[in-house]
Amino acid sequence: MTIRLVLVDDQEMYRTGFRMVLSTRPEFEVVGEADDGDTALDVLRTVEADVVLMDVRMPRMDGVEATRRICESGGPRVLVLTTFDLDEYAYDAIRAGASGFLLKDVPLHELAAAITYVHSGEAVVAPSTTRRLLDHFASQPPVTLSGEERGHPGLSQLTLREREVLELIALGLSNEEIAHRLAIAESTVRVHVARIFDQARAARVQAVVMAYQTGLAATRRR
């Protein structure tokens with residue numbers, strides 16, 4: 001299966017570099033390029049794409065806003081690539097719906113793996129950012145709203161077991177680690193995870209943010 005990519009970066013040097021290195025991998029095909037968010041949206045109306053590699057700092061429309069519009073319209077998954085290892089970019093990109101956040105100096109094999117993970121519905125965050133990302137959301141006060149929703153309508157539809165799985169996802173555990181912790185089959189965990197993401201209308205990394213923001217992960221974190 002070929003994963004169709006669109007490259008979005010205002011610097012032609014980066015687009016050329018990524019196109020050249022990714023073209024060496026038979027599983028990828030670059031089907032479009034854009035130098036800002038506006039152009040990216042136009043390109044995505046004319047090509048079939050699976051994953052967008054999105055820069056953050058661009059003129060006219062930046063990568064965060066473009067990511068938000070792509071995700072709200074049900075477009076392809078977005079993997080944000082940036083030279084800036086700054087927390088606010090990761091937070092903003094994830095809130096906008098990005099499925100991943102990596103630095104541009106990531107080795108090719110890691111970038112290829114990240115694209116594949118994102119395409120399959122998983123999430124990828126740069127190792128240097130992951131811990132600070134979780135600490136940031138863990139330190140924020142939970143959203144306090146009335147009713148069972150706990151700040152998000154999808155939560156009220158989750159079973160007790162699914163909430164437990166979501167709490168462990170929020171701690172950064174993999175499906176295999178969750179299965180071991182709960183003494184259940186990994187295939188069962190995958191079923192729970194798929195339902196969580198469907199109810200939350202979010203990918204793994206957005207579900208983590210949701211768990212912290214609504215307070216679901218606060219007790220286990222402490």
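In the predicted model, helix α1 spans residues 12-22, and its buried residues are R15, F18 and L22. Viewed down the axis of α1, these buried residues fall within an arc of 70 degrees, so they line one face of the helix. The other side of α1 carries the exposed residues E12, M13 and M20. Helix α1 therefore has buried residues along one face, with exposed residues on the other side.

The buried residues of α1 are covered by elements that include four strands, namely β1 (3-8), β2 (28-34), β3 (51-54) and β4 (77-82). Helix α5, formed by residues 108-119, is also included in this cover.

Two of the covering strands, β1 and β2, are paired with each other in the parallel sense, and six bridges connect them. Within this pairing, R4 has E29 of β2 as its bridge partner. Together with α1, the strands β1 and β2 make a β-α-β unit, which is right-handed.

At the level of the whole chain, 11 helices and six strands are present. The chain consists of 222 residues, of which 48% count as buried. Among contacts in the chain with a separation of 6 or more, 67% are accounted for by residues 24 or more positions apart. The accessible surface of the chain amounts to about 10,900 Å², and carbon and sulfur atoms contribute 50% of this area.

Methods: Residues are numbered from 1 along each chain as its sequence is written. This is a predicted model: local features need pLDDT of at least 70, side-chain atom pairs count only at pLDDT 80 or more; totals for chains, interfaces and linings use all residues. Side-chain values use heavy atoms; hydrogens and water are left out. Buried means under 20% relative accessible area, exposed over 50%, partly exposed in between (1.4 Å probe, protein chains only). The arc is that of the directions from the helix axis to the C-beta atoms. Contact means heavy atoms within 4.5 Å. Accessible areas come from the Shrake-Rupley method with a 1.4 Å probe; for residues, only the protein chains shown count as cover. Two strands pair if DSSP finds at least two bridges between them. A crossover is right-handed if, with the strands pointing away from the viewer, the path from the first strand over the helix to the second runs clockwise.
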